[in-house]
Every structure is written in C-alpha cells, then in structure tokens.
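I'm opening my notebook on a new protein today. My plan is to look things up one by one and jot down what I find.

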Amino acid sequence: LLLSSSAKPAPAAAKPAPAAAAPAAGGGVKTFKLADIGEGIAEVQLTEWFVKEGDIVKEMDNICSVESDKASVELTSPFS
C-alpha cells in the first residue's frame, strides 16, 4: 500500500471515511472505511498522520490517529 493523500487533519465521518493509496507495483488505489470504534460514535477528528505521501505501508502498520468525545484510537492498514 502506497499512501498518496497529504490531507491535513480534519473531521471524518465514521461511516465513509476513505483513505486512498496511489498505485504501487502490482497494486492500485485501495479504500477502506473507518473501523467501528464504539457504539454511538458517528464522527471523529483526525488528530495525526503517522505516514506521509510516498511511504510504503504494510498490513497492520499504524496510519493515523483519530479521536472522538468517547475514544482515541490509532488506525492500522487493512492492506499489505
């Protein structure tokens, strides 16, 4: 997975919060939804990116940190 987004921290909806990746060797753009981080949580704030544009990301690598009024969670890559 090759990260291609250089977005700044901003609110992200819990349902369709996609993260995109640029095509890598043998790969393509991959999108995933924000994991269910707790009952009743509908919105989160992206607080920190752990990777930058061009980084190669492996499965289970930390990608970013998100926070709500109930939880703070580090999200990992579901792709290799």
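**The core**

I went for the largest nonpolar core, and it has 12 residues: Phe32, Leu34, Ile37, Ile41, Val44, Leu46, Val51, Val57, Ile63, Cys64, Val66 and Leu75. Next I checked which elements give two or more residues to this core, and those are E4 and E5. E5 gives the most, with 3 residues.

**How far to trust it**

Note to self: this is a predicted model. I looked up the confidence, and the protein has a mean pLDDT of 73, with 64% of its residues at 70 or more. Where is confidence lowest, and where is it highest? The low end is strand E3 (residues 21-22), with a mean of 46. The high end is strand E5 (residues 62-67), at 93. I also found that pLDDT is below 50 over residues 1-24. In the model, this stretch still has 66 contacts beyond near neighbours in sequence.

**The overall build**

I counted the secondary structure and got 0 helices and 6 strands. Read from the N terminus, the elements go β-β-β-β-β-β. The protein has 80 residues, and 28% of them are buried. For the surface I have about 5,200 Å² accessible, and carbon and sulfur atoms hold 53% of that. Then I looked at contacts with a separation of 6 or more: 38% of them join residues 24 or more positions apart.

**Ser65**

I picked a residue in strand E5, namely Ser65. Is Ser65 buried or exposed? Ser65 has 9% relative accessibility, and the cut-off for buried is under 20%, so Ser65 counts as buried. I listed its contacts too, leaving aside neighbours within four places in sequence. Ser65 is in contact with Gln45, Leu46, Thr47, Glu48, Phe50, Ser72, Val73 and Glu74.

**Ser68 and Asp69**

Now for the loop between E5 and strand E6 (72-76), which is where I found Ser68. Its relative accessible area is 13%, so I wrote Ser68 down as buried. What does the side chain of Ser68 reach? The answer is the backbone nitrogen of Lys70, at 3.0 Å. Not counting residues up to four places away in sequence, Ser68 touches Ile41, Glu43 and Val44. I spotted Ile41 and Val44 in my core list as well.

Asp69 sits in the loop between E5 and E6 too. Here the relative accessible area is 74%, and exposed means over 50%, so Asp69 goes down as exposed. I also checked Asp69 against Glu43: they are 26 residues apart in sequence, and their C-alpha atoms are 9.1 Å apart in space.

**Asp55**

My last stop was the loop between strand E4 (43-49) and E5, where Asp55 lies. How does Asp55 score for exposure? Its relative accessible area is 23%, which falls between the 20% and 50% cut-offs, so Asp55 is partly exposed. The side chain of Asp55 reaches the backbone nitrogen of Lys52 at 2.8 Å.

**Recap**

My three loop residues came out like this: Ser68 is buried, Asp55 is partly exposed and Asp69 is exposed. For strand E5, I have the highest confidence, the most residues given to the core and the buried Ser65.

Terms used:
Residues are numbered from 1 along each chain as its sequence is written. Side-chain values use heavy atoms; hydrogens and water are left out. pLDDT is the predictor's confidence in each residue, from 0 to 100. Helices (H or I, at least four residues) and strands (E, at least two) are DSSP runs, numbered from the N terminus. Contact means heavy atoms within 4.5 Å. Buried means under 20% relative accessible area, exposed over 50%, partly exposed in between (1.4 Å probe, protein chains only). A polar contact is a pair of N or O atoms within 3.5 Å; within protein, one must be able to donate a hydrogen and the other to accept it, and residues adjacent in sequence count only if both atoms are side-chain atoms. Accessible areas come from the Shrake-Rupley method with a 1.4 Å probe; for residues, only the protein chains shown count as cover. A nonpolar core is a set of buried Ala, Val, Leu, Ile, Met, Phe, Trp, Tyr and Cys residues joined through side-chain atoms within 4.5 Å.
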